[in-house]
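Student: Could you take me through one part of this model up close, the place where the two chains meet, and then work outwards from there?

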Amino acid sequence: MAKWKVDILIKLITLLLLLSSMTFAQGMKEELLQIHATLIPKLLMMDYDIDKKIHNDTIKITVVYESSAQKEQAQHLQKYIHAKYPQGINNKKIDLNFIPYSQLKNDKDSTLYYLLHTSHKEISKAVTLANHRAIITFCYDQEDLQYGVMLSIKVTNKVKPLINVEALKEASITLRPLLLKVAELYYHSTSFMEFMIYDQQTLYNV
Amino acid sequence: MLKLLLLPFLCISLIHAEEFSLEDDLLSSLDEVSTIASKTKLNIDDMPAFVTILKGSNLELLGIQDLYEALSLVPGVEISMEGSGAYELIFRGVKEKGKVKLLIDGVAINNSYRGSIYYYHDFPVELIDRIEVMRGPGAIYYGSNAMSGVINVITKNAKEVNDNRLFLTGSSLPSYRGGLQYNYALGEKSRLSLDAYYLYSDARIESEADRTGQIGHSDESAQNFSVGLNYSSEHLSFLARFKQSQEGLAFGLGNAFESQDDQTGSINTSVLSQLQYNNQINESNHYSLSLGLNNYRQEIETRFLPTSSGDLIYKNSYAESSVFTEGTLNSSQFDHHSLVLGVRYEYAQARHNELNTYNENTPSIPFLPTETLIQPDAKRHIFSLYVNDSIELGEKVDVVGGLRWDNYSDFGHALSPRLGIIYRAIKEYNIKLLYSRAYRAPSWLELYATIPGISVGDPSLQAETSDTLELGNIYRPNNDQTLRLNLYVSQIDNLIVRDAALYQQSGKNYYYGAEAEWIASLGIHDDIKTTLSYVEAIDNNNSALPNIANLLANISYIHSFDFGIKSGTLLKYVSARSRAENDSRDALEGYALLDQSFSYTYKAVNLTASVKNIFDINYAYPAPANTYVNDYVREGRSYWLSGRLTF
């Protein structure tokens, strides 16, 4: 192979290795969106007070995004929800709404905020707003549970809901016992003593 | 009064009925999504296998055109070719020769005649939702031929939700390809999907002298098409696919060019079909029943070899059919166990088998003393039983064990055990250790070939077997990055080789290697994937096996601009390939190819323009000694344009 071609190839490889040191952000997996689309309406039904969060017989899922590229990728969620629940769930329609983080304060009547990954500051602001409005929060990236989001999904050899116990407690949300049995409970706190405080009784009465 | 007394009980039972159904509903959904995760291989790093998933949408952005070009992106997989133009896959240093199983939407296409799969090489990327490639043995679920790899092509027909599509592609080779994929909802839970494509190619690559000293062009012309149908409802599904590949014989069946005026070739026709019923006995036990019918036909006509007294003509015609039925039970009845039990029966029979060889000047006198390729009425009954159990030993450890028993009426039986452990050391790091045994049943050509001096079978041949040990390390620091490093060692025993025209069992080969993959999203706009693999393949005399690249590498990079344009860059490297002992030529030089694509999407229309082999690198696939001195030369720079309409 000609030397100059080898030089170009070496430069390309070096560039790619340099790129590897950049900070990363998220591409979304369509299969994961399909799983979220299947589970979210069912998880919502596990909230004892869900009827108070549904307006005009419509479950409004608001997808909160940072960039237009995120919004474009999250369209698959809408596609899968409409395919899975064409008639809605439990006689309630399901609507999806897309809103950027910057406009979230103008949102009304949402049942759930589906939070796409962004800075922890934006996530925390969205969580605070949601708690104030008694809106359930769900994050695409389970890492965002640490910022107070209530629900996510974990995929290993099995699929399990992830429940942020502290976040639910803070928002005074009560879930049906079965969900707590099948889910993995997320604790942000690393203190063993604080963990011990969340006994069985406390869990079922969050 | 009684009614009033009963009323609270009625209310309570109604409330509990609602709770019961909500809870049941959630549990059923959790099972459903676990199945989605397994089916789409989303949780592949937690499963006892080494699998690469290639997504159709990303392949299009990289300018990848068809199945075999896509497979070149899999770590440890090298593409090569025989003189006849039949593409060959080399998985971890193991030349395919029936050792890789190909499935289309879960239905195997390998035939009993030769186990061949090459005629699916041109399956277009526009019809592919994803390709699941398992490296290493997969006999536990797939039986014979799943020795060094399993490829499952999931078409868009099989996907539950997808858009309709029309596509058209042209290239400077020249080649043209067009097709469509259409979905029709028949009811709330049933749908029908159809796809079809047609490929025309007149690609001819200039080459140096063949074994007779003649200079010419390889004939890589093609007129291929396929039609697929997929029906699915809640419990029942049916799929069928017809595929025909009519192709030129490239560098010739006998490694000699055909005359330009009288180009012939091969026609491979395949029909596969499967009816499947899925249901559950209860929440913990799901079963499926399948019934399938496959047909394969091959016709070859070629000027096999020019001689001083006239060209030798070779014509063959072969057809086989097989019917199979399979039942599987998936059970999570026992806590922490995921059990799979299966039983399968298959019957295969050669229906037509004819060989005609003659000198063009004396057509009534055959030059080979046989009129059949293999003994007539070859047939085979295959009965299989398999069991596999995945056991959760706590949150961090899964253990998997399985066993398959296959009984063939024509050569005997094969046992394929599997044992593995998956350890989730920390959230970001998994380790897998797997041992598997797999086998390849001797093909009918190897058992029953009847061409004295060229190809003579041995009915006493036994199956080739492989034993493979694999260690996998998976590091996922966050959702945006995955780093995988796999090590493996494999031994293939009871190798079947053709020596002095006789098929016979001969010794062992050994394969050692490593595969590394790094997959990352560098921001919302950038996806990068890098693979690197190394293999040492040696025979039982410790000599390196020829015509295999030790080192393979790929880098693919997709960048999304804000105004609907995406860029796909692909760099592929294949190292030098050593020669056979009787070949005095220097090692075949390695090569690196750079492809670049740009894709623009506006509403429902997508246009993709690609340049392949930008630097017009000269490269070749290895040819045997004393045939093509400069090997099987490949195409230089080529230009491609695709238009796709989604509706």
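**Where the chains meet**

Tutor: Sure. Chain A puts 39 residues into the contact, and chain B puts in 39 residues as well. On the side of chain A that touches chain B, at least two residues each come from helix H1 (3–19), helix H2 (30–44), helix H3 (68–84) and helix H6 (177–182). H2(A) gives the most, with seven residues. Sort that side of chain A by residue type and you get 21 nonpolar, nine polar and nine charged. Keep in mind that this is a predicted model.

Now step away from the contact and look at the cores. The largest nonpolar core has 89 residues, and Ala70(B), Leu71(B), Ile151(B) and Val153(B) have the most contacts inside it. Take Ala70(B): leaving out residues up to four places away in sequence, Ala70(B) touches Leu54(B), Leu59(B), Ile64(B), Val125(B) and Ile131(B). Apart from that core lies another, of 57 residues, and here both chains turn up, with Ile59(A), Ile135(A), Ile163(A) and Leu26(B) among its members. As a background point, nonpolar side chains in soluble globular proteins tend to be buried together.

Staying with chain B, have a look at Ala108(B), which sits in strand E6 (residues 107–108). Ala108(B) counts as buried because 24 other C-beta atoms lie within 10 Å, and the cut-off for that is 20 or more. Setting aside neighbours within four places in sequence, its contacts are Lys101(B), Leu103(B) and Tyr142(B). Glu354(B) is 246 residues from Ala108(B) in sequence, and their C-alpha atoms are 25 Å apart in space.

A few backbone details in chain B deserve a look too. Leu173(B) and Pro174(B) are joined by a cis peptide bond, with omega about 10°. You'll find Pro174(B) in the loop between strand E9 (165–171) and strand E10 (175–185).

Then there are two asparagines to set side by side. Asn547(B) has a positive phi of about 65° although it is not a glycine, and for Asn626(B), also not a glycine, phi is positive at about 65°. Asn547(B) belongs to the loop between strand E30 (526–539) and strand E31 (551–560), while Asn626(B) is in the loop between strand E35 (620–621) and strand E36 (632–633). Their surroundings are where to look next: Asn547(B) is buried, because it has 22 C-beta neighbours inside 10 Å, whereas Asn626(B) is exposed, with 12 other C-beta atoms within 10 Å.

Note on methods: Residues numbered from 1 in each chain as written. Chains lettered and ligands numbered in written order. Predicted model: local features only at pLDDT ≥ 70, side-chain atom pairs only at ≥ 80, totals over all residues. Core = buried A, V, L, I, M, F, W, Y, C linked by C-beta atoms within 7 Å. Contact = placed C-beta atoms within 7 Å. Helix = DSSP H or I, 4+ residues; strand = E, 2+ residues; numbered from the N terminus. Nonpolar A, V, L, I, M, F, W, Y, C, P; charged D, E, K, R; others polar.
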